[in-house]
Amino acid sequence: MRKNSRNLYILLLSGFVLFNSACAQNPPFTGKAYIKEQLLVEQATVLLNNGKQLIPLQNLDNNKIASIHFSAPYAVAFDSLLNKYAKVNAINGNDYLGTKPFDMLAQDTKFYNTLILQLTDAEVNNPQIIGFINNTQKLKNVVVSFIGNSSSLIKLNEVSSPVIWSARVSPVAALYSAQAIFGGVAITQRLTKTYAPKYTANSGFLTSKTRLQYTVPEDAGINADNLKEIDNIASEAIANRATPGCVVLVAKDGKVIFNKAYGYHMYDNGIADKITDIFDIASMTKISATTMEAMQLYDQGKLNLDSTLGTYMPITRNTNKKTLSVRELLEHQAGLIPDISTFEVIKPTDHSTDSSAAYPTKVNDNYYVRKNYFEEVMLPAALRSAVKTRGQYVYSDVGMIFLQQIAETITAIPLNKYVQDKFYTPLGMQTAGFLPLYRFPANRIPPTEDDKKDRKTLIDGYVHDPTAALMGGVAGHAGVFASANDVAILYQMMLNRGTYGGVQYVKPETVDLWTSKQSPVSRRGLGFDRWDPIADRHYPSKLASDMAYGHTGFTGTCVWVDPKYNLVYIFLSNRVYPNVGNRLGSLNIRPRIQDAVYEAIQKGL
């Protein structure tokens, strides 16, 4: 087992050692020293020229952003953090001060509508660079991050674009400025005196924290040493072949304080897990896609919890499904069977090794299902299935597939497109979505099962769940892939009661309703799984509060939100590689890591 060692760098500056695992996370210097420096940075950072309220950046779904650096010593850390919030391409401005004509910088950035410039005293005193800013700000959004001396501020007097200025030169100042651009931290200070005709005493703009912050555990009242048990449990999981690798993320008080990768994509493979890896989150799809859309439709008055399948799906009106309510589907109390038959009933004429007009639905490489297979075979099978346990809690994928059909009927938009456009992209979730291979290479996606029976291939980048696979990878119960950071963004929005980045995605009262206990016969909310009141089950973990909600995934994943502790806990793995086993469950890996987090919270600093 090896922890993620890619994209690591060390900055030995200003008395600090800053360790970065692709995200400026978990620095090995004393956390209290980091917090002390961060406080000094906050007191020395001001925001100027923000009359149009460009900062924090909004409209991430329409923003094409580039970050330009010249001599900034902390550019790698700065750009790394920018990319936690949105896709930001780094451009080395020094190329245009040497090998390329400076005018080419404007040409090479023409397809970006937002430019972030990292400036030091040297750049502020370079007329070419200031001229570039003054010309470009007439055409597109420009943001200046200036870390340097007050004597240089007058050089920015003609700049009308937002300027985030830190008089404190340190790596922490760079991290703070990068996060302030997106609202990961708040700007709380104004100028204390006059530095230029435009930059006068008491001028400046204040902002609020609206997105996740990335910091050290001590910033959330936790001693970093008390989180080391997470390393031990993850190592135990890998040593016992419960999973070849995993990623753990912890966000407390809106701050990501822990994010580490462990192990490898496969036991015999040299691809180390990275915190940016994209995992098949399996049944977490139920709450991360289908339930999210259902909540929005409920807010809009388009989805009624007590309306029936017959109301929304005419095809159900002559079946035993017509009176089942949306509420019953979400609570898993509709009496539906857990799942329908899949590969065991598929006929040779139903699939082909090549794609064609007759076989357009891709299951995985060299496996294509015939046109309308879902409508002609799978949906009828679901409609014919028995309803035996109505009113009792029986976990069912079929109910979420029906809910997908309802949502798609209401919106006339496929589930995958709806959640991408309405949630993932505007939230700044860069990896999350269905059908990841259309957007990412397979080496970013840990494989799941080596399916020797049905698909006869290693499943990598295609959904593991067989029902979702035969549906073409988009289903109400499974199919979403995501990185841990993206999952954190989505569930921080939920913890914020529906708001993130200054945008309300779901009404607060809807979040409260759907995540609360709904039924006397089960622990569940609407779509969401919840804390189990039966004490000896210790679900989701021994120390979770009765407010906790979330979901697990068959591939070895989970997300749990605990409002009592202002906590988001995420565990992602591919425990079904190379074949399905239950060591992850029998060793209680996910709940034990969760409890290690609670114990660290309780111990404090």
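In the predicted model, Glu328 is buried, with a relative accessible area of 15%, a value that falls under the 20% limit used for burial. This residue lies in helix H10, which spans residues 326-331. Its side chain takes part in a salt bridge with Arg390, in which the closest N and O atoms are 2.8 Å apart. Arg390 belongs to the loop between helix H11 (373-384) and helix H12 (397-411), so the pair ties together parts of the chain that are 62 residues apart in sequence. Unlike the buried Glu328, Arg390 is partly exposed, its relative accessible area being 40%.

Glu328 also contributes to the lining of the largest cavity. Rolling a probe the size of a water molecule over the atoms shows where empty space is left. A search of the whole structure returned 3 cavities of 30 Å³ or more, and the largest cavity holds about 40 Å³ of space. Besides Glu328, its lining comprises Leu329, His332, Gln333, Ala334, Gly335, Leu336, Val394, Ser396 and Gly399. Sorted by class, the lining consists of 4 nonpolar, 5 polar and 1 charged residues.

Further salt bridges were examined. Side chains of opposite charge can pair when their charged atoms come close. The structure holds 23 salt bridges in total. One of them joins Lys260 and Asp231, whose closest N and O atoms lie 3.3 Å from each other. This pair links distant parts of the chain: Lys260 is in strand S11 (residues 255-263) and Asp231 in helix H7 (residues 228-239), with their positions 29 residues apart in sequence. Asp231 has a relative accessibility of 10% and therefore counts as buried.

Another salt bridge is formed by the side chains of Arg524 and Asp529, at an N to O distance of 3.6 Å. Both of these residues are buried. They also belong to a network of salt bridges that links Arg523, Arg524, Asp529, Asp532 and Arg537.

With regard to covalent links between cysteines, the structure holds 0 disulfides. Cys246 is in no disulfide, and the nearest cysteine sulfur, that of Cys558, is 11 Å away. From the side of Cys558, the closest cysteine sulfur is likewise that of Cys246, and the 11 Å separation is too far for a bond, because a disulfide requires sulfur atoms within 2.5 Å. Cys246 counts as buried at 0% relative accessibility, and Cys558 counts as buried at 1%.

Burial was also examined in a helix. Helix H2, made up of residues 75-82, is mostly covered, with 7 of its 8 residues buried. The buried positions in H2 are Ala75, Ala77, Phe78, Asp79, Ser80, Leu81 and Leu82.

The overall architecture of the protein chain includes 18 helices and 24 strands. Of its 605 residues, 59% count as buried. Along the principal axes, the C-alpha atoms fill a box of roughly 75 × 55 × 50 Å. A compact globule with 605 residues would have a radius of gyration near 25 Å; the protein chain has 26 Å, which agrees with that expectation.

Conventions. Residues are numbered from 1 along each chain as its sequence is written. This is a predicted model: local features need pLDDT of at least 70, side-chain atom pairs count only at pLDDT 80 or more; totals for chains, interfaces and linings use all residues. Side-chain values use heavy atoms; hydrogens and water are left out. On a 1 Å grid over the protein atoms alone, a cavity is a set of points where a 1.4 Å probe fits but cannot get out, and a pocket is an open set with protein on both sides within 12 Å along at least five of seven lines; lining residues have an atom within 4 Å of a point. Grid points are joined across faces, edges and corners, and a volume is the space filled by probe spheres set on the points. Ala, Val, Leu, Ile, Met, Phe, Trp, Tyr, Cys and Pro count as nonpolar, Asp, Glu, Lys and Arg as charged, and the others, Gly among them, as polar. Buried means under 20% relative accessible area, exposed over 50%, partly exposed in between (1.4 Å probe, protein chains only). Helices (H or I, at least four residues) and strands (E, at least two) are DSSP runs, numbered from the N terminus. A salt bridge is a side-chain nitrogen of Lys or Arg within 4 Å of a carboxyl oxygen of Asp or Glu. The radius of gyration is taken over C-alpha atoms; the globule rule is 2.2 Å times the number of residues to the power 0.38.
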